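Here is a brief report on how the strands and helices of one chain fit together. Look at the sequence and the structure first, then read on.

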Amino acid sequence: MSKCEITFGKMKWKNPVTVASGTFGLEYAELFDLSQLGALTTKTITPEPKAGNEPQRIVETEVGLLNSIGLQNPGVDEFIKIDLPEYRKFDTNLIVSISASSINEFASLVKKLDTQPGIDAYEINVSCPNVENEGIAFGTDPEIVFDLTKKLRETTEKTLIIKLSPNVTSIMDIAKQAENAGADGLALINTLYGMAIDVETRKPKLHNIIGGYSGPAIKPVALQNVYKVAQAVHIPILAMGGISSVNDALEFIIAGATAIAVGTYNFVNPLGTLEIIDGIQEYCISHNISYKNLIGSIQT
Amino acid sequence: MYFKKIQVLKVESVNDEYFVLRIRDKELTQNIKPGQFFQIKDPCAVFPLLPRPFSVYEVEGDKLSFLIKKVGESTKHLSLLKEGHIIQLLGPLGNGFPLVSNKKVLIASGGIGYAPMTYLEQKLKEAGNEVWFYHGGRSSNDVFCEDVQNCTEDGSCGHVGLVTEHIEKCFDSIYIDVAYACGPEAMLKVLVGICAERNIPVYVSLERVMACGVGACYGCVIKIKENDSIVYKKVCKDGPVFDGAKVIWDE
């Protein structure tokens with residue numbers, strides 16, 4: 001029995017580590033057995049195929065990464081046909097990240113996915129900064145987050161995780177609304193708004209001018225958001241934002257996260273998740289603390 | 001695809017702009033196709049954060065090398081590494097060049113676009129092809145081998161002028177079945193045009209800023225004509241080699 005097993009909503013995880021949506025794919029199954037992760041999180045799926053944004057889509061900055069992918073994906077039907085059967089082969093939880101452009105569309109998407117076996121949870125992406133009329137347009141308004149979560153709660157029995165944006169005035173208000181409407185858990189943070197300019201051409205480096213900022217640079221911002229939300233709600237938090245080491249992961253857990261997700265760091269070290277899984281366990285043993293007691297154990 | 005941390009065998013300076021990074025590994029050198037690449041990074045370096053993609057230059061037994069141009073922080077850093085320093089490699093990645101056999105083929109490279117072409121030439125020759133190899137650069141600094149048709153813009157080595165001008169002359173005298181190219185996009189665009197006029201299929205290897213290198217992040221896409229529509233294809237996984245006639249070039 002692993003010491004770091006957790007319960008997240010209706011899911012049991014063998015360890016508290018997953019990957020952040022959009023930074024991982026089945027491609028990595030060539031490198032390691034993906035069943036070793038506590039959960040797998042898919043790239044965001046939408047009701048219809050999405051072409052994504054015009055390139056340039058990525059720019060590396062000082063210890064961070066700007067992206068403006070625009071949720072390029074083949075749409076839910078293709079996902080069910082091609083990717084889902086592949087994901088099902090792994091002996092771990094599957095979190096399907098989804099986005100849509102209206103509450104009803106979100107509900108239809110969940111209904112469609114609910115007919116499929118092998119899905120354990122939905123991560124509701126109401127925080128993507130790179131798409132118009134969806135994504136962050138939902139996630140910045142506490143009332144809309146409440147209505148959307150409530151509707152989806154009525155639609156599915158499965159674990160519902162609302163993914164929050166840090167690009168808001170009060171992330172706690174939005175977190176509380178999601179909790180009140182019946183969310184099983186929260187995922188935070190999505191990327192921060194960011195941009196970069198080429199001073200020679202004086203043009204923005206991203207075609208969309210502004211994108212989402214991720215990577216080690218955003219970790220302190222993510223950490224304080226997780227800390228604040230952990231104080232405000234009782235549902236579990238899946239924390240992400242620049243996690244690149246065991247130490248980073250531990251900071252988020254101590255701040256109140258039940259589970260953590262590795263994002264940009266997958267591009268730096270595709271085996272980083274495994275090192276973090278081992279490291280968390282070793283920490284618990286060497287510090288003689290149960291994982292359950294480590295969560296939110298910050299000494300203030 | 002492997003992810004490994006291994007020792008640098010040697011870093012050899014070619015001149016002030018280029019160097020060759022050599023490593024040795026039994027697993028990594030198995031089944032590498034010409035045109036494939038590796039994501040390389042010094043794991044000790046915090047900045048730059050992400051690995052960088054480099055085409056496979058030479059494969060010989062368990063030895064593998066990369067011809068690299070110093071263009072930014074990552075490549076400068078790699079150029080200074082000493083024997084025994086640990087670097088991380090992810091690969092081989094990408095589709096590589098589709099190989100033909102017993103044909104007359106043209107290889108065209110420009111500048112650092114030379115990197116994947118010697119291994120391609122070797123494999124094409126092994127498959128019974130007759131190869132015409134044209135390489136272009138600004139000056140003799142961009143020339144790597146005496147045994148190919150070198151063309152320099154300043155005339156400091158080989159033929160004077162643009163490599164594409166000399167390739168056109170080659171096409172006028174020899175019937176070429178298929179062309180392979182890697183180099184600056186301005187050169188590739190001209191070459192694809194020249195090939196289209198003569199109905200010669202041409203495969204081009206492209207380069208884009210990448211994050212994951214494996215097809216997970218969708219960061220490195222380019223526009224490709226597919227049937228009657230235009231779609232985004234990933235340079236890292238769907239490429240880096242594309243049918244030149246289908247590429248929509250950046251303006």
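## Sheets and helices of chain A

Leu66(A) has Tyr213(A) in β14(A) as its bridge partner. The model is a predicted one. The pair belongs to a contact between strand β6 (residues 64-67) of chain A and strand β14 (residues 211-214) of chain A, which run antiparallel and share three bridges.

Both residues have a further partner. Tyr213(A) in β14(A) also stands opposite Leu192(A). Leu66(A) in β6(A) is the bridge partner of Val59(A).

These pairings build a sheet. Strands pair through backbone hydrogen bonds, in either a parallel or an antiparallel sense. Here the sheet is open, has four strands in the order β5-β6-β14-β11 (chain A), and is paired antiparallel. At its edges lie β5 (58-61) and β11 of chain A, each paired on one side only. From one strand to the next, the twist averages 35°.

The strand pairs described in this report compare as follows.

| Strand pair | Sense | Bridges |
|---|---|---|
| β5(A) and β6(A) | antiparallel | four bridges |
| β6(A) and β14(A) | antiparallel | three bridges |
| β11(A) and β14(A) | antiparallel | three bridges |
| β10(A) and β15(A) | parallel | three bridges |

The last row leads to another sheet. This open sheet has eight strands in the order β3-β16-β15-β10-β9-β8-β7-β4 (chain A), with parallel pairing. β3 (17-19) and β4 (39-41) of chain A are the edge strands; each has a single partner strand, so one side of each has no neighbour in the sheet. The twist averages 25° from one strand to the next.

Within this sheet, strand β10 (residues 185-188) of chain A pairs with strand β15 (residues 237-239) of chain A. Leu188(A) has Ala239(A) in β15(A) as its bridge partner. Helix α4 (residues 142-155) of chain A packs on the sheet and touches β8 (121-125) and β9 (159-163) of chain A. The direction of α4 makes about 160° with that of β9(A).

Two helices also meet. How do the axes of helix α5 (residues 171-180) and helix α6 (residues 219-232) of chain A cross? They come within 9 Å and cross at roughly 45°. That angle makes α5(A) oblique to α6(A). The crossing of α5(A) past α6(A) is right-handed.

On the α5(A) side, the contact involves Ile171(A), Met172(A), Ala175(A) and Lys176(A). They meet Asn225(A), Lys228(A), Val229(A) and Ala232(A) in α6(A). Five residues of this contact are nonpolar, one is polar and two are charged.

Methods:
Residues are numbered from 1 along each chain as its sequence is written. Chains are lettered from A and ligands numbered from 1 in the order in which they are written. This is a predicted model: local features need pLDDT of at least 70, side-chain atom pairs count only at pLDDT 80 or more; totals for chains, interfaces and linings use all residues. Two strands pair if DSSP finds at least two bridges between them. Axes are lines fitted to C-alpha atoms, for helices over the stretch in contact, and angles run from 0 to 180 degrees between N-to-C directions. Angles under 35 degrees count as roughly parallel, over 145 as roughly antiparallel, 65 to 115 as roughly perpendicular and the rest as oblique. A crossing is left-handed if the near helix is turned anticlockwise from the far one by less than a right angle, and right-handed if clockwise. Two residues are in contact if their C-beta atoms, placed from the backbone, lie within 7 Å. Ala, Val, Leu, Ile, Met, Phe, Trp, Tyr, Cys and Pro count as nonpolar, Asp, Glu, Lys and Arg as charged, and the others, Gly among them, as polar.
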